[in-house]
Amino acid sequence: MIAIKNGKIITPDEIIEDKVLMLEADRILGFADSAEGAEKVTDAHGRYIMPGLIDLHSDKLEQFVLPRPTSQMGFEFALRVFERDLLGAGITTMYHSISLFANEIIGKSPLRTKDNVQKLANLIADIHFQYHLIHHRFHLRTEVDNFEAFDIVRNMIDQSKVHEISFMDHSPGQGQYVNLDYYHDTVINYGGKEISTIGFDGIMEYHRTKTVLSFEQLKELADLAHAKNIPVASHDDDTAVKLDINKGLGVDISEFPITIAAAKSAKKHGFYTVVGAPNILRGSSHSGNMSAAEAILEGCADILCSDYYPATILHGVFLMHSKYHMPLPQMVNMATLNPAKATRTDKDYGSIKSGKKADLLIVDTLDGYPAITHAFVDGLPVSRIEYRK
């Protein structure tokens with residue numbers, strides 16, 4: 001039995017002081033008045049005790065596999081190095097978001113081919129039978145113009161290799177790329193092979209004439225996912241029509257709604273709404289869309305994800321508390337309990353409650369920044385850092 005004393009325990013509704021948090025094996029035993037009976041005692045020294053972060057959407061792993069355009073690292077090596085960074089960012093459950101694109105127009109990466117997507121899914125499934133630090137999950141993102149993806153997604157669901165699926169449409173003139181100038185700059189900067197062969201005009205012509213997966217095909221995938229208790233997400237919702245279609249598909253989660261109006265509409269449809277934490281730290285969306293901070297203040301954002309920068313979740317939580325005076329328990333819920341609810345794992349994860357998994361962080365604030373000093377995963381102390389001055 002482990003006792004964590006002298007901490008400010010962040011629960012879903014309040015911050016509890018003058019209590020000792022007791023852990024037994026991989027679970028939270030409950031609160032006590034003293035550490036009596038514990039085999040090991042950790043002193044939090046007045047710092048916050050909070051659940052480990054659950055990140056529903058991040059493609060950062062791609063940068064560990066391909067740190068430079070001509071330098072590819074081994075997949076398992078990259079995952080093992082990356083999980084140490086994730087733990088340092090307070091993320092104890094990561095949904096690695098890997099995309100199945102039909103081409104390289106939006107993003108060139110070795111992870112986005114059929115063979116490598118399946119290879120990574122197998123690696124994530126197998127890593128839990130080896131030494132590892134955190135919980136790895138697979139979030140399979142499907143571009144709607146990728147017909148080959150239909151069978152891939154269906155098979156991976158059948159094989160229990162995927163933990164979340166999402167449907168994406170990166171067509172210019174809507175969604176994330178409603179601003180065509182931004183789409184042009186993005187395509188040029190990504191440098192996929194299409195820009196050098198057919199040019200930007202050719203890319204626009206491709207989008208004008210392409211065919212996409214049918215409603216019936218997407219609905220079949222969503223139904224298969226739900227039969228396995230796997231959540232289904234949409235991406236870059238921007239219109240009432242699109243949200244109505246997603247409702248018909250059975251979507252559970254709306255990732256990165258483009259406007260406040262779209263986010264509010266997504267909430268009315270019963271979707272969990274996801275915003276990116278980097279948006280909070282930057283003060284705006286990197287693609288010129290909705291402000292995440294504004295969405296939170298307007299009450300139409302449920303979940304914070306890291307998108308492409310894992311450290312931003314914890315910093316976004318504390319920035320919203322210090323700058324905008326959002327209650328800290330509410331902000332912590334956006335990075336812990338709410339994503340657990342959205343992925344239907346809240347029976348075991350996402351909050352400090354008796355019987356739940358003991359995935360925990362001890363967090364200080366140093367020079368105005370949150371700093372993780374201790375991390376526990378499944379009740380095991382997996383990280384300890386003390387800062388110096």
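Here are some worked exercises on the predicted model shown above.

**Exercise 1. Work out how many disulfides the structure has, and why Cys 300 and Cys 305 do or do not bond.**

Step 1: Start with the search. Run over the whole structure, it turns up zero disulfides.

Step 2: Take Cys 300 and look for its closest cysteine sulfur. That sulfur belongs to Cys 305 and sits 15 Å away, so the two are too far apart for a bond. The cut-off for a disulfide is sulfur atoms within 2.5 Å.

Step 3: Flip the view. From Cys 305, the closest cysteine sulfur is the one in Cys 300, again at 15 Å and too far for a bond.

Step 4: Check the surroundings. Cys 300 has a relative accessible area of 2%, so it is buried. Cys 305 comes out at 0%, which also counts as buried.

**Exercise 2. Find which parts of the chain the salt bridge between Lys 19 and Asp 33 ties together.**

Step 1: Confirm the contact. The side chains of Lys 19 and Asp 33 meet in a salt bridge, at 2.5 Å from N to O.

Step 2: Place both ends. Lys 19 is in the loop between E3 and E4, and Asp 33 is in the loop between E5 and strand E6 (40–43), so the pair ties together parts that are 14 residues apart in sequence.

Step 3: Look at what lies between these loops. Strand E4 (residues 20–24) and strand E5 (residues 27–32) run antiparallel and are joined by five bridges. As an example of the register, Leu 21 has Phe 31 as its bridge partner in E5. The hairpin has two residues between the strands, and Ala 25 takes a positive phi there, near 55 degrees.

Step 4: Add the exposure. Lys 19 is partly exposed at 32%, whereas Asp 33 is exposed at 63%.

**Exercise 3. Place the salt bridges Arg 80 to Glu 76 and Lys 267 to Asp 302 in the chain, and say how exposed their residues are.**

Step 1: Recall the principle. Side chains of opposite charge can pair when their charged atoms come close.

Step 2: Take the helix pair. Arg 80 and Glu 76 meet at 3.0 Å, N to O. Both are in helix H2 (residues 75–88), four residues apart, which is about one turn of the helix.

Step 3: Read off the exposure for that pair. Arg 80 has 25% relative accessibility and counts as partly exposed. Glu 76 has 35% and is partly exposed too.

Step 4: Now the other pair. The closest N and O atoms of Lys 267 and Asp 302 are 2.6 Å apart. This one links distant parts of the chain: Lys 267 is in helix H10 (residues 260–268), while Asp 302 is in the loop between H12 and strand E15 (303–305), 35 residues apart.

Step 5: Compare the two ends. Lys 267 is partly exposed at 33%, but Asp 302 counts as buried at 11%. The cut-off for buried is under 20%.

Step 6: Put the pairs in context. The structure holds 17 salt bridges. There is also a network of salt bridges linking Asp 26, Arg 27, Asp 348, Lys 357 and Asp 378.

**Exercise 4. Work out the strand order of the six-stranded open sheet and which strands stand at its edges.**

Step 1: Write down the order. It goes E3-E2-E7-E16-E17-E18, with mixed pairing.

Step 2: Pick the edges. Strand E3 (15–16) and strand E18 (380–384) each have a single partner strand, so one side of each is left without a neighbour in the sheet.

Step 3: Zoom in on one pairing. Strand E2 (residues 8–10) and strand E7 (residues 48–51) pair in the parallel sense over two bridges. Ile 9 stands opposite Ile 49 in E7.

**Exercise 5. Describe where Leu 297 lies and which residues it touches.**

Step 1: Locate it. Leu 297 is in helix H12 (residues 292–297).

Step 2: List the contacts. Leaving out residues up to four places away in sequence, Leu 297 touches Met 320, Tyr 324 and Met 326.

Step 3: Check exposure. With 45% relative accessibility, Leu 297 counts as partly exposed.

Step 4: Look at helix H13 (residues 312–324). Its buried residues include Leu 314, Val 317, Phe 318 and Met 320. After H13 comes His 325, with a positive phi near 65 degrees.

Conventions
Residues are numbered from 1 along each chain as its sequence is written. This is a predicted model: local features need pLDDT of at least 70, side-chain atom pairs count only at pLDDT 80 or more; totals for chains, interfaces and linings use all residues. Side-chain values use heavy atoms; hydrogens and water are left out. Buried means under 20% relative accessible area, exposed over 50%, partly exposed in between (1.4 Å probe, protein chains only). Contact means heavy atoms within 4.5 Å. Two strands pair if DSSP finds at least two bridges between them. A salt bridge is a side-chain nitrogen of Lys or Arg within 4 Å of a carboxyl oxygen of Asp or Glu.
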